[in-house]
Amino acid sequence: MEQTSTAAPVTAARGPYATDSRRLLNAFDHQFRGFRTFWFDRIAPAGPVVRPAAEGADLEQASVRLAGLLRRAVQELGGDCLSRHRALGLDERLTEFYGDEESENAYATVMGRPDVIRTASGWKFIEFNFCSSTGGQVYAHLLNELWRQLLPGPALDTLTLADPLRDRNDVLRAVLDDLGLDPRVALVGYLPDVFLSDTGGSRRYYEIEVEALRKAGIEAQYFDTDEFLASLDSRGNTFPMVLERTVPQEWIDAGRDIAPLLRIRKCGAAVLTPQSSYQAANKQLFALLSAGQDWMTEDDRNFVERYLPWSRGMWEEDVEFQGEQWKLPELLSERRADFVVKRSDGDQNFDVHIGARTEASAWEDVIAKAGRAGTWIAQEAVHSAEFGAEVFDCDLGAYRSISTRGVFGPLFMGGRMTGCVVRHDVPAPGDAAGQAPGSSILGTVGWRTD
């Protein structure tokens, strides 16, 4: 997260969103059987994080517009996939992953999830991840299904709780229709990528997605990566579409062989999402938009100023920040606490360095490393406004109402928002004394319609 929590004193939970504690925990045990991960080890959300519907409408409209600006920004880098790939300085080993230009351009941003901070002045997007492997889809589906089961009717009637898997099915159907393909989809994943091993029913994480596809009338089957390759060897490809839940760059970073993923890409099926998704998600585009481009209108520039933090590429030498001229390395050194430095093609907070949490000497090393890479960005740190949440503390056996800070993740499918996760902090009881660590948990947002 960009900002840790300094939460208000804990009080007993109250209000319409708390339910009987035993019923809540039994529901969690059932809903997340096989993969109740670190998100809910000690703390469980006691209901959705409730925010006004107007905030959700603003977030959706801004997400749609930003996706369009990112598409335009990456298209301006070159006339084809390879020229844009090289303009962004992406790993040369990934050039073979691109398909035909038409599909790459058509479906690059069909699925994604930005990371957004709700600041005192409104929403600020800190990145926008596009790919079919975007995290939070299964959790949002299960949590919102759980709240629909547990919340009392009067409370539920005031909330909008989306189902991202249902809406994703609509997107897949539209793509299948566009391409004239039969509704048969292979879901290909890799359990370690979601911090699971193939024991104890953990495949259920992906099988939930398969069940949702089948309910929508799409024939579907889950394969772990090696199983799909074995299936190709034994019977050839029998699925016209592959929904890929792996990220090639993550495999490179983990030291894995990417040849199996390339073979999946070349199996003859339409693979979602295309490799160009990672171009649209590249954080260098935030720096380009923030600096301003010739093709941007005045309205575009005003939008960017409102919704994006100040961002610049580490390749830039001279910059203007808050009305003053700086050499970028000197600005980052002198105002370390005001900045974050990020690798532009990293995922899951890999190579994200927060100045306020980095010692001065280590920060200088980060600046030097980023400068040598030439593809990293510097971004002004933004800080979450506090918002309320209700949680159940499994250690205490008690509900707690907290004031916290976090990062919102609206799931973006087919050009609209469909559900929103929120990663937020839960301080330990009596945290003012700093005696015990807190927890980070994942919840969903319910948009209050009254």
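A salt bridge is a side-chain nitrogen of Lys or Arg within 4 Å of a carboxyl oxygen of Asp or Glu. Keep that in mind for the close-ups below. This is a predicted model, where local features need pLDDT of at least 70 and side-chain atom pairs count only at pLDDT 80 or more, while totals for chains, interfaces and linings use all residues. Residues are numbered from 1 along each chain as its sequence is written, and side-chain values use heavy atoms, leaving out hydrogens and water.

**View 1. A salt-bridge network links Arg51, Glu55 and Arg118.**
Within this trio, Arg118 and Glu55 meet through their side chains, with N and O 3.5 Å apart. Arg118 sits in strand β3 (residues 111-119) and Glu55 in helix α2 (residues 53-75), so their pairing ties together parts that are 63 residues apart in sequence. Helices (H or I, at least four residues) and strands (E, at least two) are DSSP runs, numbered from the N terminus. Both Arg118 and Glu55 are buried, a word that here stands for under 20% relative accessible area, with exposed being over 50% and partly exposed in between (1.4 Å probe, protein chains only). For scale, a search of the whole structure turns up 30 salt bridges.

**View 2. Asp115 pairs with Arg113 in a salt bridge.**
Their closest N and O atoms are 3.0 Å apart. Asp115 counts as buried because its relative accessibility is 5%. Arg113 is buried too, with a relative accessible area of 11%.

**View 3. Glu209 and Arg168 form a salt bridge.**
Here the closest N and O atoms come to 2.7 Å. The pair links distant parts of the chain, 41 residues apart: Glu209 belongs to helix α8 (residues 204-215) and Arg168 to helix α7 (residues 164-179). Both residues, Glu209 and Arg168, are buried.

**View 4. Ser132 sits in the loop between β4 and α5 (137-150).**
Is Ser132 buried or exposed? At 2% relative accessibility, Ser132 counts as buried. A polar atom of the Ser132 side chain lies 2.9 Å from the backbone oxygen of Leu272. Leaving aside residues up to four places away in sequence, Ser132 touches Met111, Gln137, Leu243, Glu244, Arg245, Leu272 and Thr273; contact means heavy atoms within 4.5 Å.

**View 5. Domain 1 (54-281 + 385-448) meets domain 2 (312-380).**
These bounds come from an automatic or database domain assignment. The C-alpha centres of domain 1 and domain 2 are 27 Å apart. Their contact takes 13 residues from domain 1 and nine residues from domain 2. Together the two domains bury about 820 Å², 33% of it on carbon and sulfur atoms; buried area is the accessible area (1.4 Å probe) that two parts lose on being put together, summed over both. On the domain 1 side, Ile126, Glu250 and Asp253 lose the most area to domain 2, together 39% of what that side buries.

**View 6. Two salt bridges run between domain 1 and domain 2.**
Look for Lys342 and Glu127, a salt-bridged pair whose closest N and O atoms are 3.9 Å apart. On the side of domain 1 that touches domain 2, β4 (122-130) and α10 (248-253) each supply at least two residues. That side divides into six nonpolar, three polar and four charged residues. In this sorting, Ala, Val, Leu, Ile, Met, Phe, Trp, Tyr, Cys and Pro count as nonpolar, Asp, Glu, Lys and Arg as charged, and the others, Gly among them, as polar.

Methods: Polar contact = N/O pair within 3.5 Å; in protein donor to acceptor, adjacent residues only side chain to side chain.
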